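Here are a few exercises on helix packing, each with a worked solution. Keep the viewer open and try each task before reading on.

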Amino acid sequence: MMLWEILLVKGAGALAVLIAFAGTAFLLRFLYGPKGKFREAAWDEVSGVDRLRVAPHSGFEGEEALRAAFLEYAGTFFSGESRDDAPLRLKADHSFRVLRYAEEIAGQEDAFADAGMARALRLAALFHDVGRFEQFRRFRTFADEFSCNHALLGAGILRERKFLADEARKTRGLVLAAVAAHNRFSVPKNLSGSVGPVLFGLRDADKLDIMRIMADNLAPGERGDGTVLLHLRDEPERCSPLVFRALREGRTALYRDMRYVNDFRILLCSWLYDLHFPAAYRIVRREGHLHSVIDGCDALPELQNDLRVFVDAFLSKGRAGSAITLNCSEEKVDVQA
Ligand SMILES: [Fe+2]
């Protein structure tokens, strides 16, 4: 064979290999790339921050610089390793979603008719978890119980880094107070002054988005993320009587009483006792995240049924309508807890 013939054959072979590579890459992109047929929805979820960056929502004029400052600060904690960064991205994404829920609440409740109050709520929502990044860097967990109070840490960071330096003194005070107290187990319902509505609005918005995140982690067929589920034991047929007792007695369950993944489901339902604004209940009803969470509790059908009945009754008739619906006994839920 002549030299030019050998080169031609080799060249054609290389071209064929190149085309095969390109075809495979295109096929994989088509199947698994953004909006691909077999694309894992969670992959798009963790990149939500980037989407929010390029698509700022309306009604937030004059606050873009603070959103950018928040993102820039959060970005300093990312390592570039997707596994390490995923929990942090989730928190950044959560902050913007809480902001959106807060805006929705502010738009529907008279307490935020004053533009300054609405602004304080928006800023509190954006920055409420700013302490999470430092918390995770230091302790590799979001469980306050095993690390530090992320709300107080966040308020300290807001002050130290002067994020709110250009805000009116009153706004700054409201935001700092709301951020510092947003994770308190309970807040007096008659909290006086302007801080009450801001704190309640923030707490409602925060809970609404945690319900959404948990629906992503606890719906049927989901393999929950260990960090998000606070490293609770994944034993589908078990739940703790303390958490269930709180729900039955009309109280919000305590994080520290949770031992199993199912306890998180019960705790989320018990948050219905602690939402403040009617707008928040309307959002719970509309989004259906609690139902998704309960659907994933199929290894304990009696508990699952109770939770469904409880949530439906609460959302249609309010607290009074829910009081008589819990029938599952502690003996039945107390499985070696
Ligand atoms: Fe928080």
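## Exercise 1: the buried side of α8

Buried residues in α8 are His150, Ala151, Leu153, Gly154, Ala155 and Leu158. Please bear in mind that the model is a predicted one.

**Task.** Find which helices are included in what covers the buried residues of α8.

**Solution.** Start from the buried residues, among them His150 and Leu158. Then look for their neighbours: the cover includes α6 (115-127), α7 and α9 (169-181). To finish, step past the end of the helix, where Lys162 follows α8 with a positive phi, near 55 degrees.

## Exercise 2: α7 against α8

**Task.** Work out how α7 and α8 are oriented to each other, and which residues make the contact.

**Solution.** Step one is the geometry: helix α7 (residues 131-139) packs on helix α8 (residues 150-160) at about 115 degrees, and their axes are 7 Å apart. The range 65 to 115 counts as roughly perpendicular, so α7 is roughly perpendicular to α8.

Step two is the handedness: the crossing of α7 past α8 is right-handed.

Step three is the contact itself. From α7 come Gly131, Arg132, Glu134 and Gln135, and from α8 come His150, Ala151, Leu153, Gly154 and Ile157. Sorted by class, the residues of this contact are 3 nonpolar, 4 polar and 2 charged.

## Exercise 3: the buried residues of α7

**Task.** List the buried residues of α7 and name helices that help to cover them.

**Solution.** Gly131, Arg132, Phe133 and Gln135 are the buried residues of α7. Their cover includes α4 (64-75), α5 (82-108) and α8. Beyond the helix, Arg140 follows α7, and its phi is positive, near 60 degrees.

## Exercise 4: α5 against α7

**Task.** Decide whether α5 is roughly parallel or roughly antiparallel to α7, then classify the residues of their contact.

**Solution.** Begin with the angle: α5 and α7 pack at about 165 degrees, with axes 10 Å apart. Angles over 145 count as roughly antiparallel, and therefore α5 is roughly antiparallel to α7. In passing α7, α5 makes a right-handed crossing.

Now pick out the residues: Pro87, Leu88 and Lys91 of α5 meet Arg132, Phe133 and Phe136 of α7. Sorting them by class gives 4 nonpolar, no polar and 2 charged residues.

As a last step, compare the lists you have made. Arg132 appears in the contact of α7 with α8, in the contact of α5 with α7, and among the buried residues of α7.

Technical notes:
Residues numbered from 1 in each chain as written. Predicted model: local features only at pLDDT ≥ 70, side-chain atom pairs only at ≥ 80, totals over all residues. Axes fitted to C-alpha atoms, helices over the stretch in contact; angles between N-to-C directions. Helix = DSSP H or I, 4+ residues; strand = E, 2+ residues; numbered from the N terminus. Parallel < 35°, antiparallel > 145°, perpendicular 65-115°, else oblique. Left-handed = near helix turned anticlockwise from the far one by under 90°. Contact = placed C-beta atoms within 7 Å. Nonpolar A, V, L, I, M, F, W, Y, C, P; charged D, E, K, R; others polar. Buried ≥ 20, exposed ≤ 12 C-beta atoms within 10 Å, placed from the backbone.
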